[in-house]
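Biologist: I am new to this structure and would love a close look at one part of it. Please pick a good starting point, stay with the stretch around it, and take me through it step by step.

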Amino acid sequence: MNKRINRLMIAGTGSGCGKTTVSCAIMRALSKRGLKLSAFKCGPDYIDPMFHTGVLGASSRNLDLFLCGEEAVKTLLARNSAGSDIAPNVTSRDA
């Protein structure tokens, strides 16, 4: 069974362009509106999920195609976004 997962991708050209700041602000605003969120980060940065967790008060997951492979990333996304209204995802061009 395929389940639709509402997602929002915040992307940038690389490190230092403001993806984390923008994504945390958007996640906080959506959370304050009563939406249940599950946050994700794509790529090798393992610090962003800590910021996402601080904003949401819930775990953020890293979806890394290089380390996990496509099927594992699909499984992690589906499992960790269950029950969420939206699943923001942060990535950069070099990820």
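Modeller: Happy to! Let us begin at Ser-81, which is buried, with a relative accessible area of 1%. Please keep in mind throughout that this is a predicted model. Ser-81 sits in the loop that runs between helix 4 and strand 4, the latter covering residues 87-92. From that loop, the side chain of Ser-81 reaches back to the backbone oxygen of Leu-77, at 2.6 Å. Leu-77 belongs to helix 4 and is one of its buried residues, so this contact leads us straight to the helix.

Helix 4 spans residues 70-80. Its buried residues are Val-73, Leu-77 and Asn-80. Why do they count as being on the same side of helix 4? They cover an arc of only 90° around the axis, and that places them together on one side. What does this buried set pack against? Its neighbours are strand 1 (7-12), strand 2, strand 3 and helix 3 (65-68). Turn helix 4 around and you meet the face pointing away from the buried side, which carries the exposed residues Glu-71 and Arg-79.

Helix 4 also has some charged pairs to look at. A search of the whole structure finds two salt bridges. In one, Glu-70 pairs with Lys-74, with the closest N and O atoms 3.2 Å apart. Glu-70 and Lys-74 are four residues apart in helix 4, so about one helical turn separates them. In another, Lys-74 pairs with Glu-71, and here the closest N and O atoms are 3.7 Å apart. Lys-74 and Glu-71 are three residues apart in helix 4, again about one turn of the helix. Through the partners they share, these salt bridges join Glu-70, Glu-71 and Lys-74 into one network. As for accessibility, Glu-71 is exposed at 56% relative accessible area, while Lys-74 is partly exposed at 45%.

Now let us follow the buried side of helix 4 to two of the strands it packs against, strand 2 and strand 3. Strand 2 covers residues 39-42, and both of its faces are covered. Ala-39 and Lys-41 are buried on one side, and Phe-40 and Cys-42 are buried on the other. This fits a wider pattern: in a regular strand, side chains alternate between the two faces of the sheet. Strand 2 pairs with strand 3 in the parallel sense, over four bridges. Within this pairing, Phe-40 has Arg-61 of strand 3 as its bridge partner.

Strand 3 spans residues 60-63 and includes Ser-60. Is Ser-60 buried or exposed? With 11% relative accessibility, Ser-60 counts as buried. A polar atom of its side chain lies 3.3 Å from the backbone oxygen of Ala-39, a residue of strand 2. The side chain of Ser-60 also makes a polar contact with the side chain of His-52, at 3.1 Å. Leaving aside residues up to four places away in sequence, Ser-60 touches Ala-39, Phe-40, Pro-49, His-52 and Thr-53.

His-52 brings us to helix 2, residues 48-56, where Asp-48, Pro-49, His-52 and Leu-56 are buried. These residues cover an arc of only 95° around the axis, which puts them on the same side of helix 2. The face turned away from that buried side carries the exposed residues Met-50 and Gly-54. Gly-54 has 63% relative accessibility and therefore counts as exposed. Gly-54 and Cys-24 are 30 residues apart in sequence, yet their C-alpha atoms are 9.0 Å apart in space. Just after helix 2 comes Gly-57, whose phi is positive, near 70°.

One last point concerns the cysteines. How many disulfides does the structure hold? The number is zero. Cys-42, in strand 2, counts as buried at 16% relative accessibility. Cys-68, by contrast, has 36% and counts as partly exposed.

To retrace the path: Ser-81 contacts the backbone of Leu-77, the buried residues of helix 4 pack against strand 2 and strand 3, among others, and Ser-60 of strand 3 makes its polar contact with His-52 of helix 2.

How values were computed:
Residues are numbered from 1 along each chain as its sequence is written. This is a predicted model: local features need pLDDT of at least 70, side-chain atom pairs count only at pLDDT 80 or more; totals for chains, interfaces and linings use all residues. Side-chain values use heavy atoms; hydrogens and water are left out. Buried means under 20% relative accessible area, exposed over 50%, partly exposed in between (1.4 Å probe, protein chains only). The arc is that of the directions from the helix axis to the C-beta atoms. A disulfide is a pair of cysteine sulfur atoms within 2.5 Å. A polar contact is a pair of N or O atoms within 3.5 Å; within protein, one must be able to donate a hydrogen and the other to accept it, and residues adjacent in sequence count only if both atoms are side-chain atoms. Contact means heavy atoms within 4.5 Å. A salt bridge is a side-chain nitrogen of Lys or Arg within 4 Å of a carboxyl oxygen of Asp or Glu. Two strands pair if DSSP finds at least two bridges between them.
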